[in-house]
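Biologist: I'm new to this one and would like a close look at a single part of it. Could you pick a helix and walk me through how it fits into the rest?

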Amino acid sequence: MSEPQPRTRFWGSEAASGLALISPTALYAILLLAAPLATTLIYSVFTDGYLTVIPHFQLCNYFGECHSQLQDGTMEPQAYLGAWSDPVVLSLMQRSLFVSVLVTATTVILAYPVAYFVSFNVDASRKSLWLFLITIPFWTSYVIRVFMWNVMISRTGVINSVLEGLHIITDPLQMSFTIQAMVVTLAHAYAPFAILPIYVALEKIDRSLLEAGQDLGETRFSTFLRVTLPLSMSGVIAAVLIVFIPVIGDYITPNLIGGGKIPMIANMIEKQMLKADNRPLGSAIAVSAMLVVGLVSVLFLFLNRRYLMGQK
Amino acid sequence: MKIPVLRIYTIAYLIFLYAPIIILPIFAFNNSTAVAFPLQGFTTQWFSQVWADPALREALKNSMIVAVSTSVLSTLFGILAARASTRYSFPGSGPVLGLIMLPMVLPEMIMAMALLVVFLSIGVPLSLFTIILGDVLICTPFAVAILTSAFQSLDRSLEEAAQDLGEGPFSTFYLVILPLVMPGIISASLICFTISIDEFIIANFLGSGQKLLSTYIFGQLRFPKNVPNIMALGTILVGVSITLLSLAEFFRRRGIAKTGAKDTGGFL
């Protein structure tokens with residue numbers, strides 16, 4: 001008898017069942033995520049038309065000067081600047097990057113001790129209660145949380161009233177519409193994203209390693225620096241990426257806390273895509289933002305590669 | 001005496017995390033249009049005012065339609081993906097799961113804009129349906145994450161026992177697996193419902209101007225005199241969210257207890 005055909009062996013096999021089962025979800029992600037992202041990429045090298053996009057290849061949406069096509073088919077005489085040639089886009093990109101780095105650093109540094117506390121100092125039976133407490137605020141309306149920060153930091157807000165009531169200050173502090181206020185709001189919003197991966201990494205550490213360190217005469221602090229911290233770096237790295245990437249595209253916080261006065265790159269993408277009806281330029285800015293985020297992330301991973309060695 | 005520095009720090013951090021949602025109800029019951037101290041006395045007028053607004057009822061209805069649909073669809077997609085990835089090994093499972101989970105880290109604005117551009121180009125009219133499509137994309141990764149841990153804690157031998165006793169694959173799933181992962185399914189659908197209710201960017205950009213709760217709130221915040229109403233509405237929403245989450249956590253833990261696995265902590 002001949003061997004079964006590879007085809008029949010494939011159908012009904014484990015691989016086929018798995019693929020069949022995951023295909024609806026995968027198809028959904030391909031159609032509604034991969035395809036739109038690919039479209040954005042393609043649009044970014046096309047020509048802008050009146051309420052349309054003309055499939056004519058060009059790179060000027062990224063570099064140099066570009067012309068839109070008008071309703072009657074002629075080119076608009078007034079040129080617009082490509083994403084990387086426009087100082088306005090570049091300065092917004094710079095600010096978004098700056099805010100993201102600041103938010104990521106603040107969030108991760110503030111979150112580490114919390115994750116450490118829950119992992120090392122909390123009774124095993126109560127850990128999930130602590131994690132639950134930490135995640136609750138995250139699941140409540142983002143718009144409301146951001147607005148509440150506005151209420152707290154405004155001139156007549158909670159923080160100023162309390163400080164004045166305690167006679168710590170005499171004039172209200174100006175906190176609204178500042179980058180610092182945006183950083184605090186974003187650090188608040190993304191807190192669980194930083195705490196959870198660090199917590200998971202800390203939980204995986206073999207506790208006997210720490211005892212070994214202390215048996216060999218290390219102090220608690222040097223054990224932390226030489227054993228715990230390096231072993232938890234995979235969690236820190238995950239936390240950094242999981243905070244950094246979404247923050248750069250945040251839209252609500254610059255709107256509500258910045259009062260529209262400190263726009264970030266997401267606001268620029270919105271403006272080009274909708275108000276200015278320049279989808280190719282909007283797409284080019286979006287792609288550029290993702291490229292910058294991707295490059296910074298890859299660079300960060302490369303710099304920390306020694307902590308990721310030997311792990312999956 | 002040793003000072004519990006870490007414990008004090010963590011409690012301070014929790015106060016920082018909870019500050020906005022603790023202050024919210026204080027102003028929701030404050031008898032003044034100005035959201036500032038000192039407090040002016042107790043009132044429930046903001047609650048009755050916001051409830052009397054027909055635009056809010058419309059937004060509430062739309063939000064319920066979107067959130068329920070999103071919750072059902074995301075959970076179904078989540079069940080399929082979680083079951084496939086925990087039970088079978090197949091080529092390309094890494095990249096496929098990576099793509100499915102990608103919306104968790106991708107900036108929402110980029111996804112919303114990419115989807116919007118595609119919808120406009122192929123002529124899909126914006127409606128509640130397009131909002132549901134976007135929300136499902138955002139929620140599915142959370143459903144997959146919760147359900148993966150539910151399916152992971154399943155004991156394979158239970159399934160094999162059912163099959164040895166003559167059950168087919170479908171009846172095994174229905175009779176043995178489904179009851180065991182049911183708490184995970186309930187937990188995932190509650191979480192997706194909560195995410196969808198609060199989701200703003202998708203609702204704002206992929207809708208046709210019909211208000212949902214989140215866009216209604218965002219719109220009202222521009223008018224200072226409406227802010228106390230929004231505080232009242234926000235208080236109700238936060239209350240509902242916390243109730244649903246507590247339920248979700250309750251079911252998640254019950255699921256873990258049912259399958260006899262060890263609790264490894266939170267949702268994500």
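Biologist: To get my bearings, how many helices and how many strands does the secondary structure of chain B come to? And after that, what can you tell me about helix α6 of chain B?

Modeller: Keep in mind that this is a predicted model. Chain B comes to 11 helices and 0 strands, so reading along its sequence just gives you α-α-α-α-α-α-α-α-α-α-α, with helices as defined by DSSP runs. Its C-alpha atoms fill a box of roughly 70 × 70 × 30 Å along the principal axes, and 46% of its 268 residues count as buried. Among contacts in chain B with a separation of 6 or more, 78% join residues 24 or more positions apart.

Now for α6(B). This helix runs over residues 128-152, which is 25 residues. From first C-alpha to last it reaches 35 Å, close to the 36 Å expected at 1.5 Å a residue. There is a bend in it, though: about 35 degrees at C139(B), with a proline, P141(B), following within four residues.

Where does the helix sit, covered or open? Mostly covered, with 20 of the 25 residues of α6(B) buried. Look at L147(B), for instance. Setting aside neighbours within four places in sequence, L147(B) is in contact with G78(B), I79(B) and A82(B), and also with V181(B), G184(B), I185(B) and A188(B).

That residue also leads us to the largest nonpolar core, which has 162 residues. L147(B) is among those with the most contacts inside this core, along with I198(A) and V243(A). α6(B) supplies the largest share of the core, 14 residues. Domain 1 (1-43) and domain 2 (48-259) of chain B each put in at least three residues.

Those two domains have their C-alpha centres 29 Å apart. Contact between them involves 7 residues of domain 1 of chain B and 8 residues of domain 2 of chain B. On the domain 1 side, the touching residues are 6 nonpolar, 1 polar and no charged.

Finally, there's the contact with the other chain, which takes 68 residues from chain B and 71 residues from chain A. α6 is one of the helices of chain B that each supply at least two residues to the side touching chain A; others include α3 (54-87) and α8 (169-198). The most comes from α1(B), with 14 residues. Overall, that side of chain B divides into 51 nonpolar, 11 polar and 6 charged residues.

How values were computed. Residues are numbered from 1 along each chain as its sequence is written. Chains are lettered from A and ligands numbered from 1 in the order in which they are written. This is a predicted model: local features need pLDDT of at least 70, side-chain atom pairs count only at pLDDT 80 or more; totals for chains, interfaces and linings use all residues. The expected span of a helix is 1.5 Å times one less than its number of residues. The bend at a residue is the angle between axes fitted to the seven residues ending there and the seven starting there. A residue is buried if 20 or more other C-beta atoms lie within 10 Å of its own, exposed if 12 or fewer, and partly exposed in between; C-beta atoms are placed from the backbone. Two residues are in contact if their C-beta atoms, placed from the backbone, lie within 7 Å. Ala, Val, Leu, Ile, Met, Phe, Trp, Tyr, Cys and Pro count as nonpolar, Asp, Glu, Lys and Arg as charged, and the others, Gly among them, as polar. Domain bounds come from an automatic or database domain assignment. A nonpolar core is a set of buried Ala, Val, Leu, Ile, Met, Phe, Trp, Tyr and Cys residues joined through C-beta atoms within 7 Å.
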